[in-house]
Structures are given as structure tokens and as C-alpha cells.
Amino acid sequence: MRIEAAEMKLITLPLKFRFETSFGVQTERHIIVLTLYGDGLEGYAETTMEHTPHYREETIAGAWELLEHLLIPQVLGKEFANPEMLWAEIRGFRGNKMTKAALEMAFWDLWAKSLGQPLWKLLGGVRTEIPVGVSLGIQSSVEATVEAVGQSLQAGYKRVKLKIKPGWDVKPLMAVREAYPEANLTVDANSAYTLNDIATFRKLDAVGLDYIEQPLAFDDILDHAKLQREIATSLCLDESITSPEDARKALEIGAGRVINLKPARVGGILASRKIHDITESYGLPVWMGGMLEAGIGRAANIHVATLPMFIKPGDTSSASRYWEEDIVEEGLEAKGGMMPVPQGLGIGVTPKRDFIDELAVKSAYISA
Ligand code: OSB
Ligand code: MG
């Protein structure tokens, strides 16, 4: 497969809800839609980093620069027999995992199409639908939180994850647990706490959560290991894991018992598969995370989540929760907490070209 040209469109897509986390409030997403052209086919991906460096270090502005001036020129006009070869061409650029993932994942889509296969089959996936839950932002009150959880459970979602921050943790969680004694509940702190908050985590232990996601620093594993030894609830790592090596080291020192695997955060699908296999060797599960993706990124994540160890319900909820109108033709909708895997070639979704053009605030076309 020779990459002949690439196109980038930066779009702004308004969210249907106000998404508050410990690191800020989001009301819209900024996404670079990347298309790779080769052999008369098109491969798609979307970027997942935040507009500002509040989740990890990457930004949309940085991604645009790197893609346009470094990553795309590096692969343009070259022949790649598989994603490993493409990765070999860009791995020397350090960090910037989410930016590199966009290129890697667009190539997977293109490559799978050239082989006439849906991505999940090519990956060795084992399911045609994946179990999903929801990630709920911080709500305006305890009552609103209990109500939002109730609606999610009513919709059939298999677990509800609640964002927490210091001052907004034990109280709403105890109320939710009281209202829904049997619900599969988790929390996500997005790195808002330190080891000084151990008393809060001991109280959360009593709520019976499936796990506590990324309580400590975004780049830490050592303190997570210390915290894990002090509490009963499993820790789940998100921000801290950006490579297979991170995953191995974290599991080896006991920094957690679950990984939120976001292909974009770890550099793409090859790295995701390696992390999947590493967790399997420790007998631990993974689950598919999300970055509020639109249809292209959501579809890719669904395909990756067909791998065997994606046992726990992930964050890939229905597209209609997020958007009035998605950027792909296919409706990615869960029923009874199960998200069907798109069955077309590659990631199996068709971008709405006109709609994307309408939303685009910046575009670039780069050819060999
Ligand atoms: O920490 O998992 C996270 C969204 C943006 C950035 C970070 C996170 C999230 C979510 C939402 O929790 C997951 C989703 O609904 O896509
Ligand atoms: Mg998280």
C-alpha cells in the first residue's frame, strides 16, 4: 500500500451535554479528521487529544503542526506492506502518541480495506458486539447525579462511571449507591488526588466500586502502587499508560488491576494489541476507554474492543448521546448495553463529506 496523499480537516463539533471533569469543562470537541489516500481507497481517523493540554500533554494545535509538517511528509509516497512498517517510519519521533495514533489508525483502515476485511477480523476479534457503559461528567447536584445514573441504567448501560474531584466524591457516590444498590459503578478522578487523600479512598472503599480510575498524577505509577496496597477497591490506570512498556511496569509493581485502554493514548492499534496481550499475561482485564470521539474514532475503538480481554464494559456509548448529528452515515447506537461492531470494510463507517466540510475551520491537502 502506497500512501499517495493525505487530507486534514479541523472541525468543531458541539456536545449535547456539558462535560465536567476534575480538569475542566467541555461543551464542544475540536477534531482533526484525517484521510489517507492510496490504491484508490481512503483510510480515516480522527484525533482525540483535547484542545488544551489538560488530559495529557498533546494539543490539537501541536497535532496539526506535526501531522502537516513532519508525520505525513515522512510517510507520503512510500510503500507500506503492513502497519508495523508504517510504525517503523514514525516511531523515532518521541511521545506525541495521540498524533501518531491518528496516522497509524488511518493506515489500519486503509490497509484493512485493501485486504477486503473489516478491521475486527483482521485484528483477531472474537465478538460482534461489545459491552458498554457510560462516563458521566460532574453534575450540578447530588439529586441530578442520582437521576443521571438512573437514566443510564434505564437505557441498559452495563456500568456507570462518575467523574469525581476533591470535594465531589464520597457524598454523591454514597447517594448513588443508596439509590442503586446493585449497579456496577466506577469513578474517574483524572489525576485530581494525592496520597494525602487516603481517607477519602478508604470511604470510597465502602461504596463497592468496580474500580477507581486514575486517582493520582497523570504520569505516576509508583504512588498508585502505594495506594493500591492501602485500599480494597481496584485501581484502574488511564493517563499513566502510554505504551506497552508503561503497562508492563505498572502491572509489575501493582499500580492497578485494570487498564483503561484508549488506542489513541498509546500510539494506536499495534500498541493496543501489545498492551492487551501484556494484561492477559497478568490475568487482568482491560476495557475500551473514550475521548468523546465522533463516529470515526468511535468506530475504530469498537473494532479494537472485540479482542478477547476487553471483558469489562467500556466508555463507547451511543453516538446520539454526544451529538445532534454525527460525522458518519452509520448510527453507532448501543442496545441493552451492547454496541454492535460495524461490519463494512476497514472501520466500517462512511464520513459525511458535506457535513465535515461545513464544520471545517481549517483544512490541508498534502500529496507526494
Ligand atoms: O478520563 O476517560 C477519561 C473524556 C475525555 C477525556 C478523558 C476521559 C473522558 C471520558 C469520556 O471519561 C469517555 C467517553 O465518553 O468517550
Ligand atoms: Mg479516565
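How do β5 and strand β6 pair, and over how many bridges? In the parallel sense, over three bridges, with β6 taking in residues 160-163. I'll start from that pair and work outwards. Keep in mind that this is a predicted model.

The sheet first. β5 and β6 belong to an open sheet of seven strands, in the order β5-β6-β7-β8-β9-β10-β11, with parallel pairing. At the edges stand β5, residues 134-136, and β11, residues 286-288; each has a single partner strand, so one side of each is left without a neighbour in the sheet. Going inwards from β5, we can follow one row of bridges. Ser135 has Lys161 as its bridge partner in β6. Lys161 in turn has Thr186 as its bridge partner in β7. β6 and β7 are joined in the parallel sense by four bridges.

Now the side chains of β7, which covers residues 185-188. In a regular strand, side chains alternate between the two faces of the sheet. Here Leu185 and Val187 point one way, while Thr186 and Asp188 point the other way. What is the burial state of these residues, buried or exposed? All are buried.

Next, the ligand. Two of the residues just named, Ser135 and Asp188, are among those around ligand 1. The others in that shell are Tyr55, Asn190, Asp238, Gly289, Gly290, Met291, Leu292 and Asp315. By class, the shell has three nonpolar, four polar and three charged residues.

Leu292 deserves a second look. This residue is in the loop between β11 and α11. Its phi is positive, near 60°, and it is not a glycine. For context, most residues other than glycine have a negative phi. Leu292 is buried, because 21 other C-beta atoms lie within 10 Å and the threshold is 20 or more. The helix that follows this loop, α11, covers residues 295-304 and is mostly covered: 10 of its 10 residues are buried. Among them are Ile296, Arg298, Asn301 and His303.

Moving on to the domains. The assignment for the chain gives domain 1 as 5-116 plus 350-367, and domain 2 as 121-340. Their C-alpha centres lie 23 Å apart. The contact takes 36 residues from domain 1 and 35 residues from domain 2. On the domain 1 side, β1, β2, β3, α2, α3 and α13 each supply at least two residues. That side divides into 21 nonpolar, four polar and 11 charged residues.

What about the core? The largest nonpolar core has 105 residues, and the members touching the most others are Leu34, Ala102, Ala106 and Ile296. Helix α3 gives the largest share, 11 residues. Both domains contribute residues to this core, so it lies between them. Ala106, leaving out residues up to four places away in sequence, touches Leu34, Thr35, Leu36, Gly43, Tyr44 and Ala45.

Those contacts of Ala106 include Thr35 and Tyr44, and these two residues are bridge partners, with Tyr44 in β3. β2 and β3 run antiparallel and are joined by six bridges. The hairpin they make has two residues between the strands, and Asp39 in that hairpin takes a positive phi near 50°.

One more backbone outlier of this sort: Asn96 is not a glycine, yet has a positive phi of about 45°. Where does Asn96 lie? In the loop between α2 and α3. Asn96 counts as buried because 20 other C-beta atoms lie within 10 Å, and 20 or more is the condition.

Last item, Ser234, in the loop between α8 and β9. Why is Ser234 classed as partly exposed? Because it has 17 other C-beta atoms within 10 Å, which falls between the limits of 12 and 20. Beyond its neighbours within four places in sequence, Ser234 is in contact with Tyr211, Gly256, Arg257 and Val258. As for long distances, the C-alpha atoms of Ser234 and Leu103 are separated by 34 Å, with the two positions 131 residues apart along the chain.

To recap: a parallel sheet of seven strands, a ligand shell that includes Ser135 and Asp188, and a nonpolar core lying between the two domains, since both give residues to it. That's it from me.

How values were computed
Residues numbered from 1 in each chain as written. Chains lettered and ligands numbered in written order. Predicted model: local features only at pLDDT ≥ 70, side-chain atom pairs only at ≥ 80, totals over all residues. Near = placed C-beta within 6 Å. Nonpolar A, V, L, I, M, F, W, Y, C, P; charged D, E, K, R; others polar. Domains from an automatic or database assignment. Contact = placed C-beta atoms within 7 Å. Pairing = 2+ DSSP bridges. Core = buried A, V, L, I, M, F, W, Y, C linked by C-beta atoms within 7 Å.
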